[in-house]
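Work through the exercises below with the sequence and the 3D structure open. Try each task before reading its solution.

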Amino acid sequence: MRYVVIGNGIAGVHALETIRKLDPNGSITLVAGETFPPYCRPMISLVLDGSLTEEDLPVRGPDFYEALGVEAFVGEHVVDLDAERRVLTTDRNRNILFDRLLIASGANPRRIKAQGLELGRIFFMRNQMHVRDMIASLDGVEEALVLGGGLVGFKAAYSLMKRGVRVTMLIRSGYPLSMQVDAHAGSMILDELVKNGLTVRVGAEVIAFEGNGFVRAAHLEDGSTISCGMVVIGKGVRPATSFLRTQQIAVDLGVLVDERLQTSVPGIFAAGDVAEHYDVARKSRWVNAIWPVAVEQGRVAGMNMAGRDVSYKGSLSRNVIRIFDLDVLTGGLVNPPDDSYLVLTRMDPRRRTYRKLVFRDGRLVGLVMVNEIEQGGVLLSLIHGGHTLPIEGEAVLEPSFNVARLFPHQRGFLQARRTGK
Amino acid sequence: MKKVIVHPERCVGCMQCMAACAAAHSRSKSVHGAVLEFPIPKPRIHVGSGIYGEGFPNRCRHCDPAPCMLACLPGAIYRDDSMETVLIDPFRCINCASCAMACPFGVIRYHEDRAAPPGKCIAVKCDNCLERQLQGLIPACAEVCKSGALRFEEPAADLKDKTDEIARRISLGAVEGDFAHAPALALLNAFKRAQREVNERRP
Ligand SMILES: Cc1cc2nc3c(=O)[nH]c(=O)nc-3n(C[C@H](O)[C@H](O)[C@H](O)COP(=O)(O)OP(=O)(O)OC[C@H]3O[C@@H](n4cnc5c(N)ncnc54)[C@H](O)[C@@H]3O)c2cc1C
C-alpha cells in the first residue's frame, strides 16, 4: 500500500503515526510545505510575546520521519492533484503516485484588499516563519495595528502588548473573539484588554497603507488615519485547497468529507483545518479550524486509510483563552440563532465569574465560562456526547458543580435503599 | 499492578485524602510543614459533593487514550507506560488550559507547584504518588482513607469482591447481614438523601 500525506501540521502528524501503527510495512510519503519539524502552531504567539523561544515549538523530534519510516519531501508544495490518475505533482516537478491520500494542508490566512499591501512590516501570523520575521522587525516599532479580533488577531494584539508595543485593534463586532464568545463575555474580555492598554476601533475597514518602504500609517474608509509601524492581518483563515481540481473533488468552503473522513473520491481523505465535516452542536456541515479537531480527525483519517473502519461523529468548536487575569472557556453554540433555545446564565461579580449554558431540546449545545473553568471539560463532553442532562440546568451553574452531580441515581443510593433498612 | 480504586459509595466526605495528597506533594511531607511552604502545596484529588451532599473523591483516571494528552498543545502530557500513569512535564507545560477542555472528569487544576520553575503556573493533577511508590509507600490518599473509599488494590481482586457481593445478594438462603457491604455508610448516604428531600419539600 502506498500512502501519501500532504501537510505536516498536527492532523498530518497524527495520521502518519496512526497509519504506521496499523500498517508497519506500507510505504508512506509526506509532502510538507514547511521545513520545520512538526511544531505547535497555536504556540507561535508565545514566541512573539517573548515567553517562549522557537526551540520550544516542536511537538515531535527532528528524527520523527525517519523513526516512522516516512519518506519526507519538506519545503515542497503540492501544486496539482489528479484524483483520476491518482498522482500528485509538486512545485519541484516531482510526481508521486498514491493508493491512499490524506489532504491535511491546513488553512491560509484570508487576504484583504487595500492599497500599499506590498509595504514592509505588514504581516500575517500563521506560521513560525511569520513570527520570526515579525520579531526581526520589532526593533523601534512603538505602535502596531491589528486587523481583526478573531483568535489570531487577538493573540497578535495580546503578544505585541506584552512586548510593550501600543496596539490598536480594528474589529467589526463590538468586542473581540465574537465567533467564540457571547456579548457578555466579550465585553469582559474587551474591558480587560482596554484596562491593559489596548485601543479598540469598531467598524471601519482599512483602504490603504502608507509608508516609505515600511508601513507608517493606515487610512480607514471613514477618512481617519492610524499611525502604525507594524500591521498584523488577522481576518480569519481559509482552507488550503488551491491545488485541488474542484471538478474531481467536492469542495465547499473546505474539502467535503464523510464520517470516515473520506472525500468524494474513494481512497482520498481529508483532515484538520482543510476539511469540512459536521458540527455536533450546530448539526450542520462546518469547518472547525482548531487544534484538537485536527488531532481527532488526523487519527480517524489515519485509521480509515490503514483499513480500520472508524467513524467520526463530528467536531465541536471549543476554545480556552487566557487574557491577563481572565480565563475564558467556550464551546459549541454560544450565540443561539433563534429563541427556540433555552439559555441560562449566572454572573457572580464577587468571584468575577460568568457562566452561560445553551440548551436545545434538553440537551446542552453551548457553553461560556469566565473564570473557574476547571469543570469545562465535563460540560464539553456532555455537549459532544449529545446526552440529555440528567439534572436541572440551573444545577450546572452552581460553583460547586462537579462530575458527581451528573450521576444522581447511579451510586450508593441504590445500594442504600436495598440495604439500609 | 495495584491501583487506587475509588469506591464512591463509601466516601464520607472527610477530605483527609486532600490534605494527605497536598502533604505528599510538599517538600516537608507533613501537613504541618506543608502549610508553611511556598508555593503552598495543593491537593490533586478533589472531594466534591454529589446531588445529595454525599462525598465524591474525584481523581485522575489515567485514561488510555487520554483526552488531555491528545489536547495538550506543547506535548507536555505523556504516559509512563510501566506505571500506567499520565504525567505532566512542568517545564513543557504552558498553562494554556487546553486540558481543562478535554478532561471529562474535571480533575486538572492550574497553579504554582513545587515541581515547576518558581512563579510559573502549570496544570497539576494526580501522579499516582510515583515518588512515594518508588520508596515502597502506597499513594497517600489510599493510605489515609479510613472508610475504604480509596483503596490501593489489584483491579482483578476488586472486581472479584464486587462479583462476590452481587453473588451473595442474589443467592438463595443469603442471610440478612450479608447484604450490606458497608451498612453504616449506606445508612449515612440514605440519611443525606432523605435530609435533602425533606429540605426540598419544605414550603
Ligand atoms: C496564531 C495562531 C493561534 C492559534 N491558536 C489556537 C488555539 O489556541 N487553539 C486551537 O485550538 N487552535 C488554535 N489555532 C489553530 C490551529 O493552529 C490549527 O487548527 C491547527 O494547527 C490545524 O492543523 P492542521 O494540521 O489541520 O493544519 P496546519 O497546521 O495548517 O498544517 C498544514 C500544513 O500543510 C502545509 N501545506 C499547505 N498546503 C500545502 C501544499 N500544497 N503542499 C504541501 N504542504 C502544504 C502547510 O505549510 C502546513 O505546514 C491557532 C492558529 C494560529 C495561526
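**Exercise 1: the surroundings of one arginine**

Task: Which residues is A:Arg405 in contact with, leaving aside its neighbours within four places in sequence?

Solution. Step 1: contact means heavy atoms within 4.5 Å. Step 2: by this rule, and without neighbours within four places in sequence, A:Arg405 is in contact with A:Ile391, A:Ser400, B:Ser49, B:Gly50 and B:Ile51. Step 3: A:Arg405 lies in the loop between helix H9 (393-397) and helix H10 (413-419) of chain A; helices (H or I, at least four residues) and strands (E, at least two) are DSSP runs, numbered from the N terminus. Step 4: A:Ile391 is 14 residues apart from A:Arg405 in sequence, and their C-alpha atoms are 7.7 Å apart in space. Step 5: the side chains of A:Arg405 and A:Ser400 are joined by a polar contact of 3.2 Å. A polar contact is a pair of N or O atoms within 3.5 Å; within protein, one must be able to donate a hydrogen and the other to accept it, and residues adjacent in sequence count only if both atoms are side-chain atoms.

The model is predicted: local features need pLDDT of at least 70, side-chain atom pairs count only at pLDDT 80 or more, and totals for chains, interfaces and linings use all residues. Residues are numbered from 1 along each chain as its sequence is written, chains are lettered from A and ligands numbered from 1 in the order in which they are written, and side-chain values use heavy atoms, with hydrogens and water left out.

**Exercise 2: buried or exposed**

Task: Is A:Arg405 buried or exposed? Do the same for A:Glu192 and B:Ser98.

Solution. Step 1: buried means under 20% relative accessible area, exposed over 50%, and partly exposed in between (1.4 Å probe, protein chains only). Step 2: A:Arg405 has a relative accessible area of 9%, so this residue is buried. Step 3: A:Glu192 has a value of 2% and is therefore buried. Step 4: B:Ser98, at 9%, is buried.

Step 5: look at what surrounds A:Glu192, which sits in helix H6 (residues 183-195) of chain A. Not counting residues up to four places away in sequence, A:Glu192 touches A:Ile323, A:Phe324, A:Asp325, A:Leu326 and A:Arg352. Its side chain makes a polar contact of 2.9 Å with the side chain of A:Arg352.

Step 6: turn to B:Ser98, found in helix H4 of chain B. Leaving aside neighbours within four places in sequence, B:Ser98 is in contact with A:Val320, B:Ala71 and B:Leu73.

**Exercise 3: two domains of chain A**

Task: What area is buried between domain 1 of chain A and domain 3 of chain A?

Solution. Step 1: domain bounds come from an automatic or database domain assignment. For chain A it gives domain 1 (2-109 + 237-306), domain 2 (122-233) and domain 3 (318-413). Step 2: the centres of domain 1 and domain 3 of chain A, taken over C-alpha atoms, are separated by 32 Å. Step 3: 8 residues of domain 1 are in contact with 8 residues of domain 3. Step 4: buried area is the accessible area (1.4 Å probe) that two parts lose on being put together, summed over both. Here the area is about 650 Å², and carbon and sulfur atoms give 56% of it. Step 5: on the domain 1 side, A:Val280, A:Ala281 and A:Ile290 lose the most area to domain 3, together 59% of what that side buries.

Step 6: a salt bridge is a side-chain nitrogen of Lys or Arg within 4 Å of a carboxyl oxygen of Asp or Glu. The rule finds 1 salt bridge across this interface. A:Glu296 forms a salt bridge with A:Arg318, with the closest N and O atoms 2.6 Å apart.

**Exercise 4: chain B against chain A**

Task: How many residues does the contact take from chain B, and how many from chain A?

Solution. Step 1: chain B gives 44 residues and chain A gives 42. Step 2: the two chains bury about 3,400 Å² between them, 62% of it on carbon and sulfur atoms. Step 3: B:Leu70, B:Leu73 and B:Met101 lose the most area in chain B to chain A, together 20% of what that side buries. Step 4: the rule finds 0 salt bridges across this interface, and 8 residue pairs in polar contact (both at pLDDT 80 or more). Step 5: H9(B) gives the most to the side of chain B that touches chain A, with 5 residues.
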